[in-house]
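Take a moment with the sequence and the model side by side. We will go from strands to helices, and then to a few single side chains.

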Amino acid sequence: MTRSPRLEPFDRQDDTIKKVAYLYAEGEPQKRIAGLLSLSPSMVSRLVDQARQSGLLEETVTCKLAAEEQTRLRDEVYGSDALLKKLKDVAYASAVASLTQLQIVPTGLEIRGDPSWDQAVVVFGRKAAAHCLDLIRQCEVLGVTYGRTLAALANGLAELATLSVKARTPVVCVPLWGEPLSPWEKPRSTVFRDPAKLSSSGLAAAMHRILNERAQQGSERTPARQPLYLDFVPAFRPEHYPEKKFNAALEFACSVSSYGDIFPVPDDWLGGAEASGGRARSGRQSKSHVAFGDEKRPLVDHLDGIFTSVGSKDQPGRFWSGEFFRQGDIDLPKLRRGAFGDLGGAFIVNPTANKADREYVAAVNERWTGVKESHFRRCAVRARENNLPGVTVLAVGAVRAETVLQCVKLGLVNHLVLDSDCAENLNERV
């Protein structure tokens, strides 16, 4: 019986094999590596094999088929065409059909707990980026919610070489909700460590930088601007906090953030400053609104597209955590009984729940200061009528399938981008 050689830790391995692994990963041919390191080609070949066996090298297999052929095969294998037809039938039965497109993005990873979920999300974001970029290119005003899935998508977009030929005019990236009142949970992985990069404002700023780096600065509809942000806006009004006092905090937020530019607010919150062609809602020299003649409309009413993920009541932690909701006076057990999950922070009511729990979810939605279900529906309908991208929902993991299905039934989704686990579970539900 032959015993496998014991592998040395990376830091104890010979420096030569490290150099070979590094140069090979950089794309250097083995013959050139041999010349650089004064080794024979056969020795370099052996060291490359050893680097693979020891884990110093991990290679990605790439399919060389044309993109159209890969799409056809993916549809056949994963059944995305059949699933899309089923979901459209469900939406038509609800008389609110908006869904037009479904993309399945397999990650090749089995999700077992938070660490593997984070890994799957990273792979998903990288693979979904090219498809999502095609939708983003059609937008001048793009809404962004929050979370790890969108952060992974932003990283994937940043890696795309095709961004060098991106939009001719800037994309307005609009954050759609403010900040949690309670501290963010501690990171459970080395992947998503900075909460600021997961917030809606952080993601909008990242998208602004990625998408507009090479764009011409300014157009008639979307003038050049700095990133919009909602850093000073609390995501919820705590139940115990008087509404009048909370409104004073929002009025203040209009003067130090983009809240008055993004959401409709009373006129007396906005100050009296005049901007060219009309009054700026924020009271500053603002160019953050879409202009229609003499009228200025808040951006949430005129989004070409929204990119959002969904949350599940059945996945503890993250948005659906007691820590997140504590300072908002939210009864988490009651919320879980009355809602399927959330779409970008807007809770989706479960119509089969008892009346008290349904009313509680509706009341929590009223205290939510960010994007609401009505905004998603308006964006989805406008997209359907004007051939715009509309609402794109990204979802990783089977646990999110139920929330995705309810959003489709409510006519809140135009495009679905799912991993294979979520798609498989969704297929079982329709």
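Begin with strand β2, residues 141-144, in this predicted model. β2 pairs with strand β3, residues 172-175, in the parallel sense, and four bridges link the two. Find V141 in β2, and you will see V172 of β3 standing opposite. β2 has another parallel partner, strand β8, which covers residues 305-312. Three bridges join β2 to β8. One position to look for is G143, whose bridge partner in β8 is I306.

Now look at where the residues of β2 point. V141 and G143 point one way from the strand. L142 and V144 point the other way. Are these residues buried or exposed? All of them are buried.

A pair of strands further along runs antiparallel. Strand β9 spans residues 339-343, strand β10 spans residues 346-349, and four bridges join them. G341 stands opposite I348 of β10. Together β9 and β10 form a hairpin, with two residues between the strands. In that turn sits G344, with a positive phi of about 55°.

Turn next to the helices. Helix α1 runs from residue 15 to residue 25, and its buried residues are I17, V20, A21 and L23. Look at the spacing of I17, V20 and A21 along α1. An α-helix has 3.6 residues a turn, so residues three or four places apart point the same way. What covers the buried residues of α1? The cover includes helix α2, residues 30-37, and helix α3, residues 41-54.

Check both ends of α1 as well. At the N-terminal end, D14 acts as a cap. A side-chain oxygen of D14 lies 2.7 Å from the backbone nitrogen of T16. After α1 comes G27, which has a positive phi, near 95°.

Two other helices meet in the chain. Two packed helices are described by the angle between their axes and the distance between the axes. For helix α5 (residues 80-93) and helix α15 (residues 401-409), the axes come within 8 Å and cross at roughly 50°. The two helices are therefore oblique to each other. Which residues make the contact? From α5 come L87, V90 and A91. From α15 come L405, V408 and K409. Five of the residues in this contact are nonpolar, none is polar and one is charged.

Some side chains reach for the backbone. N212 belongs to helix α8, residues 200-212. Its relative accessibility is 6%, so N212 counts as buried. A polar atom of the N212 side chain lies 2.7 Å from the backbone nitrogen of V171.

S257 sits in the loop between α9 (243-256) and α10 (259-262). Why does S257 count as buried? The relative accessible area of S257 is 0%, and buried means under 20%. Its side chain has two backbone atoms to find. The backbone oxygen of A253 lies 2.7 Å from a polar atom of the S257 side chain. The backbone nitrogen of Y259 lies 3.2 Å from a polar atom of that S257 side chain.

Finally, step back to the whole chain. How many helices and strands does the chain have? There are 16 helices and twelve strands. Of the 430 residues, 50% are buried. Now take contacts between residues at least 6 apart in sequence: 71% of them join residues at least 24 apart.

Key
Residues are numbered from 1 along each chain as its sequence is written. This is a predicted model: local features need pLDDT of at least 70, side-chain atom pairs count only at pLDDT 80 or more; totals for chains, interfaces and linings use all residues. Side-chain values use heavy atoms; hydrogens and water are left out. Axes are lines fitted to C-alpha atoms, for helices over the stretch in contact, and angles run from 0 to 180 degrees between N-to-C directions. Angles under 35 degrees count as roughly parallel, over 145 as roughly antiparallel, 65 to 115 as roughly perpendicular and the rest as oblique. Contact means heavy atoms within 4.5 Å. Ala, Val, Leu, Ile, Met, Phe, Trp, Tyr, Cys and Pro count as nonpolar, Asp, Glu, Lys and Arg as charged, and the others, Gly among them, as polar. Buried means under 20% relative accessible area, exposed over 50%, partly exposed in between (1.4 Å probe, protein chains only). A polar contact is a pair of N or O atoms within 3.5 Å; within protein, one must be able to donate a hydrogen and the other to accept it, and residues adjacent in sequence count only if both atoms are side-chain atoms. Two strands pair if DSSP finds at least two bridges between them.
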